[in-house]
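Here is a walk through one protein model, with an eye to how its pieces sit together. Keep the 3D view open while you read.

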Amino acid sequence: MNGKASREGPGRVRSTRTPGPRPVPLSSPWPSQRNDAPPDHQEIAITASDPVPPREDGTPSAGTATSAVELRGITKRFPGVVANHDINLTVRSGTVHALMGENGAGKSTLMKILYGMQKPDEGTIAINGEPCEFNTPGDAISRGIGMVHQHFMLADNLTVWENVVLGGEKLHGIGAKAKAKIKEISDQYGLGVRPDALVEDLGVADRQRVEILKVLYRGAKILILDEPTAVLVPQEVDALFDNLRELKSEGVTVIFISHKLHEVLAVADAISVIRRGTTVGDADPKAVTARQLAEMMVGAELPSPESRESTVTTTEMLDVKDLRIAKTDAEGIERVVLDDISLRIHKGEILGIAGVEGNGQAELVEAIMGMLPLDGGTVTLDGKDLSGSLTRARREAGIGYIPEDRHKHGLLLEAPLWENRILGHVTEAPNSKGVLLDPGAARKDTWRIVEAYDVRTPGIEVTAASLSGGNQQKLIIGREMSHQPKLLIAAHPTRGVDVGAQAQIWEHIRVAQRAGLAVLLISADLDELIGLSDTIRVIYRGRLVADADPATVTAEDLGTAMTGAASGHLESDAEAVEHFHEILAEGTEAESDAGPTDTADDPQAGE
Ligand SMILES: Nc1ncnc2c1ncn2[C@@H]1O[C@H](COP(=O)(O)OP(=O)(O)OP(=O)(O)O)[C@@H](O)[C@H]1O
Ligand SMILES: [Mg+2]
C-alpha cells in the first residue's frame, strides 16, 4: 500500500505458468445477464511449491502433519448464490497466510465456516491433521481458532481488560490473575496493550490489538484477521505486521484477508486466491508481482492513479470557516476535537485530508453534514450558509455522503437493497414523486446502480447484510453519486473494495469531478489520497497542521506529518517522489530496488 511496503517487496520474480484448466464454478454467483466474466484462461496460475495437494478422495494427504488448517471441498450456498464452491485451502503451521480475491469471492464466508459461524453444505475441515466439525464459534475456539472481524466488536464504555475478560471469565477469573495474564500475553507478543485504558479512548490500531489479545487470551493458536489493514495508516500497518511476525515466531498461525497487494507481498509466507467462490490457486509471495496477483484476483490489470489535467475551477463550492467543536467527556473535562478549521473546496476540486484515524476527521465530516452542533464557525455550500441547517436540508442542498462506518451510517442492514437506495434521499427523485414515495422507480434505479457500479448480488430484494463488504460499499457509492451532488464527502470511499472495483470508483469520481463535483476526501489509503487529490491537508489533534501538493509528496512524508512530527508545507525530496511515482505507475516494480529480475515481470509474458 505505501511506498515503503512496496520497496520491501519481493526482489526476485519467478513465475511458472501452469497451463491446466482452472476450476469453474457450477453456477455463477450473480445474475447471468451481466457480462462481467473475467478473461478466463488468461490468468497466470501460480502454484506455490509448499501446499500438498489433497488425495483424490479428498482426505488430507500424507505429509500434511504440519498443516494447521486443511479445508477440503468446502461448498456453501445462500439463496441465489454459491458463496463457496469446492474450495481447498491448506495453511501450514506457524505461517502468515494471505487470502485474496475480488469482492464477493467468498473469503469472509470461508473464514466464518472455519470459525464455526456458518456451517458448510459440503466439505471437510481438519485442524492440525484432525478432522473437526464446528457448529458454533465455541467449537472452533476450543480447537484453538480465533477470529477478529472487520467491524470491531468491543464495548466502548469498558476498559481494555474488562473487554478481554468479558465472556472468558472462566479462563483466568476476573481479578488480578486475569490482569496478569493480559499483561503476560501483551508482553509475549509485543502488543503494548494497556489493560486499564478505556476502549472509547483508543484509536483503531489499539482497538485492533485489543481484539487480537482477546482472541489470544482464549487460547487461539490459529488467528483469522478479516481485512485487518483496511482501517490502518502505513505506520500502523507496519506495526501490525511486526506483531504478526512476533506471533508467528511464537508458533501462532495467522490467516488474513486483504485487498492490498503490496502489503500481502510484504508479510505473507503463502497466498491463496479465491475467485467467484472457488480457489484459483496459490501464489508464492517471493515469486509473484503485485500485478500478477491483481490479474489472478480480478482478471484485470492493476489500476494506478494517473496524473491528469486539473479540473479545479475558481468557483467556490464549500467554505468552512473557523470551525470549532468541543466535547465534554465522562469526567466533565472539555476536550477540543476541532479547532480553528478553515478550508475551501472549489468546483471540480478534490481536497484530501490525511490523518491518523481519531484526529478529528469524523467530527469534521459530521460538522459539515450537520450531525454535530458547532461551537463556532460556519459552513457555506455554493454561497448558502448551512451552519444551522438540519442534515436532510444539507443533503437536499447537494451534499453526497459516503460514511466512514457503512454499517452505522450508510445502510439499513436488514432492509432490501432497493430500500437502502432510498435511505438518506427519501424526498428526492426518483425515490419520490411530490410527497409520495415511488417504490417502482426506486427499484428500477437500484438495478441501474447495481449494473453501473458492479454490485454483485442475486437481486435487489436481498438484504444489505447479505452482500459482501465490498459490494455494500459499491452500493453506497452508487447511491450517493446518483443525485448529482455538488459536494461529495467521501470517507474511505474504497475501503474494502478490490483493486478492480477501486479503479472503477476512482473513475466515477473523476468523471463527476470533470463535471464540476467538489470532493472532500478522507482516506487512510495514502496512495488513493495522493492519486486523487488536487490538494492535501493534514489533520492532527483536531487542527489542520500541514498541507502538501500531491504531485510532490510521498506517502512517507505524509505519514510523518500525520504523526505530528512535521508541519507547514511538506516538500519531499525529488528522488523519493520520483521513486514513489514509479511505484504508483508501475503497480509493482518493487523489484527495481533489488536488482535484476529473472523472468516474467512482464505481466503479458506467457500469455
Ligand atoms: N448471509 C448471507 N446471505 C446471503 N448471501 C450471502 C451471505 N453471506 C454472504 N453472501 C453472499 O456470498 C458471496 C460471498 O460473500 P463474502 O462475504 O464471503 O465475500 P468476500 O470475498 O468476503 O467479499 P469482500 O471482499 O467484498 O468482503 C456474496 O455473493 C454474498 O452476497
Ligand atoms: Mg469479506
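In which sense do strand β9 and β10 pair, and over how many bridges? Strand β9, residues 270–275, and β10 run antiparallel to each other, with five bridges between them. One of these links is easy to look up: valine 273 has glycine 281 in β10 as its bridge partner.

Before going on, some housekeeping. The model is predicted, so to speak of local features pLDDT has to be at least 70, and side-chain atom pairs count only at pLDDT 80 or more, while totals for chains, interfaces and linings use all residues. Residues are numbered from 1 along each chain as its sequence is written, and chains are lettered from A and ligands numbered from 1 in the order in which they are written.

**The sheet and its helices**

The β9/β10 pair belongs to an open sheet of six strands, ordered β6-β7-β8-β3-β9-β10, with mixed pairing. Two strands count as paired if DSSP finds at least two bridges between them. Helices (H or I, at least four residues) and strands (E, at least two) are DSSP runs, numbered from the N terminus. At the edges sit β6 (145–148) and β10 (278–283), each pairing on one side only. On average, neighbouring strands in this sheet are turned by 20 degrees against each other, direction ignored. Angles run from 0 to 180 degrees between N-to-C directions, and axes are lines fitted to C-alpha atoms, for helices over the stretch in contact.

Two helices pack on this sheet. Helix α7 (residues 204–217) touches β6 and β7 (222–226), and its direction makes about 165 degrees with that of β6. Helix α10 (residues 290–298) touches β3 (96–100), β9 and β10, and its direction makes about 170 degrees with that of β10. A contact here means that the C-beta atoms of two residues, placed from the backbone, lie within 7 Å.

Is α10 enclosed or open? Nine of its nine residues are buried, so α10 is largely enclosed by the rest of the structure. Buried means 20 or more other C-beta atoms within 10 Å of a residue's own; exposed means 12 or fewer, and partly exposed is in between, with C-beta atoms placed from the backbone. The buried residues of α10 include Arg291 and Glu295. Their cover includes β3, α9 (261–267), β9, β10 and α17 (499–514).

**Some individual residues**

Here are four residues with their places and their C-beta neighbours.

| Residue | Place | Other C-beta atoms within 10 Å | Class |
|---|---|---|---|
| Glutamate 263 | helix α9 | 26 | buried |
| Arginine 276 | loop between β9 and β10 | 24 | buried |
| Valine 337 | strand β12 (residues 334–346) | 21 | buried |
| Aspartate 340 | strand β12 | 14 | partly exposed |

Arginine 276 has a phi near 50 degrees, a positive value in a residue other than glycine. Aspartate 340 also has a positive phi, about 55 degrees, and is not a glycine.

Valine 337 touches Ile325, Ala326, Lys327, Gly360, Glu363 and Gly542, leaving aside neighbours within four places in sequence. Valine 337 and glutamine 361 are 24 residues apart in sequence and 9.3 Å apart in space, C-alpha to C-alpha. For glutamate 263 and aspartate 238, the values are 25 residues and 9.1 Å, C-alpha to C-alpha.

One backbone detail to look up: a cis peptide bond joins alanine 429 and proline 430, with omega about 0 degrees. Proline 430 is in the loop between α14 (417–422) and β17 (432–433).

**Around ligand 1**

Ligand 1 is surrounded by 20 residues, and the closest are Ala83, Ser108, Thr109, Ser468 and Gly470. To be in this shell, a residue needs its C-beta atom, placed from the backbone, within 6 Å of the ligand. The elements giving two or more residues to the shell are β2 (81–92), α2 (107–114) and α16 (469–481).

**The protein as a whole**

The protein has 20 helices and 23 strands. Buried residues make up 48% of its 607 residues. Of the contacts between residues at least 6 apart in sequence, 71% join residues at least 24 apart.
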